[in-house]
Amino acid sequence: MKAFSFNEPWVNGAVQRLLGLSASTRRAIIRILEGSLPPKEDPEEEEEQVQRRLATFWSSFGAWEGDGTAEELAASIRNARTINPDREPF
């Protein structure tokens, strides 16, 4: 039997009680604890989830999503205007 050493005295007491149980009871406890853990995610699925969260983050700040450049967008807005007031150059 291995000797366990933890910094917390309550952990030592709990481990000693668990070691006193039968093997079948300990296995049942292990199965219950394993069932309480969240399932492991696929690394690719996790990366996709990170990318979706980043896209949501940037879209919340009004990030532009499109094929054109900023200059093309500005030009299309400028060309769509029907009234073009006189503006002084910078």
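## A nonpolar surface patch

Five residues, Val 50, Leu 54, Phe 57, Trp 58 and Phe 61, form a nonpolar patch on the surface, and together they have about 530 Å² of accessible area. The model described here is predicted, and the values that follow are computed from it.

One member of this patch, Leu 54, lies in helix H3, which covers residues 43-60. Leu 54 has a relative accessible area of 39% and is therefore partly exposed, since that class lies between the limits of 20% for buried and 50% for exposed.

## Aromatic rings within the patch

How many aromatic pairs are counted in the model? The count comes to two. In one of them, Phe 57 and Trp 58 meet edge-to-face, with 5.0 Å from centre to centre and 75° between the planes. The other joins Phe 57 to Phe 61: the ring centres are 5.0 Å apart and the planes stand at 70°, so this pair is edge-to-face as well. Planes over 60 degrees apart are what this label requires.

Through these ring pairs, Phe 57, Trp 58 and Phe 61 are linked into a cluster. Phe 57 is partly exposed, at 41% relative accessibility. Phe 61 has a relative accessible area of 61% and so counts as exposed, because the exposed class begins over 50%.

## A patch of negative charge

The surface also carries a patch of negative charge, in which Glu 41, Asp 42, Glu 44, Glu 45, Glu 46, Glu 47 and Glu 48 gather. Among these residues, Glu 44 is located in helix H3, the helix that also holds Leu 54 of the nonpolar patch. Is Glu 44 buried or exposed? With a relative accessible area of 60%, Glu 44 is exposed.

## Helix H2 and a distance along the chain

Gly 35 belongs to helix H2, which spans residues 23-36. The relative accessibility of Gly 35 is 62%, so this residue counts as exposed. What separation is found between the C-alpha atoms of Gly 35 and Ala 80? These two residues are 45 residues apart along the chain, and their C-alpha atoms are separated by 60 Å.

How values were computed:
Residues are numbered from 1 along each chain as its sequence is written. This is a predicted model: local features need pLDDT of at least 70, side-chain atom pairs count only at pLDDT 80 or more; totals for chains, interfaces and linings use all residues. Side-chain values use heavy atoms; hydrogens and water are left out. Patches are made of residues with over 30% relative accessible area and no salt bridge: like charges are joined within 9 Å, nonpolar side chains (Val, Leu, Ile, Met, Phe, Trp, Tyr) within 5 Å. Accessible areas come from the Shrake-Rupley method with a 1.4 Å probe; for residues, only the protein chains shown count as cover. A salt bridge is a side-chain nitrogen of Lys or Arg within 4 Å of a carboxyl oxygen of Asp or Glu. Helices (H or I, at least four residues) and strands (E, at least two) are DSSP runs, numbered from the N terminus. Buried means under 20% relative accessible area, exposed over 50%, partly exposed in between (1.4 Å probe, protein chains only). Rings of Phe, Tyr and Trp (its six-membered ring) pair if their centres lie within 6.5 Å; planes under 30 degrees apart count as stacked, over 60 as edge-to-face and the rest as tilted. Lys and Arg count as positive and Asp and Glu as negative; His and the chain ends are not counted. The place of a charge is taken as NZ of Lys, CZ of Arg, CG of Asp or CD of Glu.
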